[in-house]
Each structure stands twice: as C-alpha cells, then as structure tokens.
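Work through the exercises below with the sequence and the coordinates side by side, and try each task before reading its solution.

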Amino acid sequence: TAGTGGGGGSGGGNSRSGDGSPENMSTEMRWTFVLLVVTACCLHLDQNCAAPNLSAIASDFQMTPMQKDTRLGGMVQFGFFLIGGAVSLLVGPATDQVDRVTLLSAVVLSGAVPSLLMSLWVPSSKAGFFYFFLARVCTGVAIGGSFPVLFSLAADIFPASKRTLVSTAISAAVNVGAAVGGLMAGIIGPRFGWRMPFRIVAIPALVCALLVRLFLVDPRTVKLKKKAQEEASSNQAASAWLGGQDMNPSGYVRMEELDFLKFRRILDVRTNMLIFAQALPGCIPLSCITTFLSDYLSVEQGMDVQASTAVTAVFGVSCLCFAVSGGYFGSKLYDKRKEHLPLLIGATSCLASLPFIVLVNSPKSAVTSPSGRPTVFALFLALCAGCAGTAGPNIRAILMNVNDSEVRGTVFSAFTLFDDLGKGIGPSIIVAMTAVFGRRMAYTLAFTMWWLSGAVLFQLRSALPLDVSRSGNSLLPTKRK
C-alpha cells in the first residue's frame, strides 16, 4: 500500500484509491494543496538571499575576509539553523496539540516580519551585524518551525494515496524557493544593494501567512470541536456537577500537556533513527552550496556575481526535476518493493557528490568563460548534481507513512532538528577545514559527506519493511527475535 502510517486523521488508512495525481483531488483539496506548496516556497525565498552578496554584506559591516567566512558563513548559519532546530522541539509537540493552521501562520510571520524590518533599518556599521544576525535567526526559527506543521497538517488533510505527491511538491517548493531567492538576490543585490532582496521576499511571505489563516482549516480541530459539542450537549450538566473535564479542548495548551517523552519513543523506530542519523552528514554539502559556493565561484574561479548564482540556480532547478520524478518513481517502488526504495535514495545521494567535487577542483578555464560566465561544462555538472533532490521527498514520505497522526508533528520536529544541526554546524566545520586545508580541499571533503549519508540510507533496506509491518504504530517498535 501507499501509506501504512495513517493511524489517525483524515489521511488515515491504506487506501489505494486514486493514483495520487492532483486531477483526482476535489476542488477544495486542490486549493489547499496549492496554498501549502506556495507557502513553503515563499517561506524559503529568504534562505539563500545572503549567499550571493556575502562580500557586499561584509563590506557594509566593515569585516575582514576571515570575518566574512567566520561570521557571515559560520556564525549566522549556526544561529539560523541551530536555533531554528531548537525551536522545532517546541513546535513539534505543540503541533500534536494545537490548531496547526494558526501555528503555521504564526511561524511564517515570525520569519517575514524581522527580515523586512532588518532590510529597512539595519545600520551600515559594525553594530549592524548584530541586528542582521537576529533577523536571520528569526528566519531560521520560521523555517525550522514550519516543517513539523506543514507535513503533519498535509498528512491529515490528504489521503495516503496522495501523501508522496504532497511530500514531493512541498520538498520541491522548498528547493524552488531557495533557488529563486538566491538567483534573485544575485541579480538584484549588485544593482540595488544587498538589502533589497530581503524586502522583496518578505512581501509574498506576509501574504501567504494571511491566506493560510483565512482559508485553511485544521481537520483535527474540526473533529475535536465536533466531539466537544456532542459531549457538552449530551451531558454538560452532569460533567460540571461531577467535576468532569473541561469541554473546550481546543482553547489553549499548557506546557505540561506537551508530551516531550515522544522524542525518546520515536527513536525506538529504527527507520526514524536511521533517517535522523543521515541528516547531519547529508546537510553539510548543502550548507557548502548555499553558503559558500557562489562566493567561491566569484572570488576563486573569476565568475561574475550574477553568473555564479546561475550555477546554484541550475542546481536548484535540477533538484526540483529530480524531486518530482524521484518522488513519482519512489512511490511506485514503495508500492511494489519497499526494500528497494532505500537503494534509490542512497545511490542518488552518493552520486550527487561527484559533479560538485569535479566543479570545485576544475581549472578556472574549464568552468568560467572569458566573459565571466559559467561554461556549459559547469552548468552540466550542476545539472547532474541535482540528483541529490531525489532523497528529500521520499524520506519525508517514509516518515509520513511509518508514523501515526498523533506523533507526526513530533517526528518532523525531530527530523528538522537533525536536519538543521547539519546545516548549522556544517558551515562552521567547513570554515575550520578551510583554515587547515584551504578552500578547495575543504569543499571537496564537505561534498564527500553525501557518501556517508547514502551509506546510512542503504541501511533502511532492512528496517523499512519491518516498521511498515507495524501498521504505523510508531510508539510500539518491532521487537527482533
């Protein structure tokens, strides 16, 4: 079946009805699908806005070249992802308790508003870096907090037969948002200043936060309200007289109601544990691409700033294509032979490192034309490296199918934490390796981390069928004899 993890919510069950295409959705479900995908895209427009203009930002904040790498490359990324990942530890259990539509709208606002204010009023001095750092941390909080809400909400809104499609679309939207934001920043930043891209991307994010709050409905909240009304109308007086429970469970949530012990229990599922383990090494190459690659191609390989962002944009578009096609083939593979899906995502992760290793170690004449633009060879390498996008939607679909509705928010908050840990520590690790080995060798070593991630994903071949056989009861792991 396409989804054995639907133990709760409207997306439960092992239904094989439909082929998971948007044409088989109702009109309301299609609009919900579009709004979730667009929101994920707009939220991530901000993620790579700084990378193409690192040198301009460093000059504005009066930094030395070493401070550019350690502060903008290391410290900001550390705060962006690590604090965002830590916040997801609160958002995850809250996602399993509160209205997810309100929560999603709040996390989008928490990233868009500080980014807009930072672009308008941060001073051009050494003190300005502090405010820039705080704004980037807030954006990290928004991105880190959005994943548990997005995937938990999507898993309950859409049936099991469509979860791979939805996971693929959201993952692709994340890649598109990051790529488009970085490309736009590389084009607009040198002409109008590095602050302008942050102003531009904040506007669609604010609109999405408003649309989510106005038009989306959390099916769990509707179910709880209906249940509370039925119980209140049938025995409200008796419940009050006997000291019964409060009949308004959809109000607020106390901290003691958040079950943080779920984090320990979800690690008992071997599939969850392996997916969390591969996230750290798997994100180090991505942090190298999003943080350092554009500046490396511009400074070391002689490309124009706008031209260097074209390489990362091609990689982003390629990731999108591989995510969509990989999600489709992954879904078919999951239906027929679940143990073969880890071979697909593990192999593509390992292969993705090779084009980038060749790119950073190629001579300048091979990747940069005399006019300062990337050569066809450089763009071809970025295109091939997009096979890394195959893993993301399939990994998230596995988590959606293996875990029940009652723990999906917690599962995705833990996944986001491990994911952000790699993205946050990754730049600092790369900066440390750069100080020892130089930029070229440090980046080469960073891309080899995809080999370690792929090796861990291969281990899912034995774990995935076992955990699927539990019919999604993620709190009761299979005991091996």
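**Exercise 1. Decide whether Thr-139 is buried or exposed, and place the residue in its surroundings.**

Solution. Thr-139 has a relative accessible area of 2%, and therefore counts as buried, given that buried means under 20% relative accessible area, exposed over 50% and partly exposed in between, with a 1.4 Å probe and protein chains only. The model is a predicted one, in which local features need pLDDT of at least 70 and side-chain atom pairs count only at pLDDT 80 or more, while totals for chains, interfaces and linings use all residues. Residues are numbered from 1 along each chain as its sequence is written, and side-chain values use heavy atoms, with hydrogens and water left out.

Next, locate the residue: Thr-139 is found in helix H5, where helices (H or I, at least four residues) and strands (E, at least two) are DSSP runs numbered from the N terminus. Leaving aside neighbours within four places in sequence, Thr-139 is in contact (heavy atoms within 4.5 Å) with Asp-46, Phe-80, Gly-111 and Ser-115. Finally, Thr-139 and Val-113 are 26 residues apart in sequence and 9.0 Å apart in space, C-alpha to C-alpha.

**Exercise 2. Describe how helix H10 and helix H12 cross, and state which residues make the contact.**

Solution. Two packed helices are described by the angle between their axes and the distance between the axes. The axes here are lines fitted to C-alpha atoms over the stretch in contact, with angles running from 0 to 180 degrees between N-to-C directions. On that basis, the axes of H10 (residues 270-299) and H12 (residues 341-361) come within 12 Å and cross at roughly 30°. The contact is made by Ile-289, Leu-293 and Tyr-296 on the side of H10, and by Phe-356, Leu-359 and Val-360 on the side of H12.

**Exercise 3. Classify the aromatic pair of Phe-129 with Phe-133, then the pair of Phe-315 with Phe-356.**

Solution. A pair of aromatic rings is described by the distance of the centres and the angle of the planes. Rings of Phe, Tyr and Trp (its six-membered ring) pair if their centres lie within 6.5 Å, and planes under 30 degrees apart count as stacked, over 60 as edge-to-face and the rest as tilted. The structure holds 19 such aromatic pairs. One of them joins Phe-129 and Phe-133, at 6.3 Å centre to centre with 35° between the planes, and is tilted. Both residues lie in helix H5 (residues 128-157), four residues apart, about one turn of the helix, and both Phe-129 and Phe-133 are buried.

The pair of Phe-315 and Phe-356 is edge-to-face, at 5.1 Å centre to centre and 70° between the planes. This pair links distant parts of the chain, with Phe-315 in helix H11 (residues 305-336) and Phe-356 in helix H12, 41 residues apart. Phe-315 counts as buried because its relative accessibility is 7%, and Phe-356 counts as buried because its relative accessibility is 1%.

**Exercise 4. What is the sign of phi at Gln-62, and where is this residue found?**

Solution. Most residues other than glycine have a negative phi. Phi of Gln-62 is near 60°, a positive value in a residue other than glycine. Gln-62 is found in the loop between helix H2 (54-60) and helix H3 (65-95), and counts as partly exposed because its relative accessibility is 47%.
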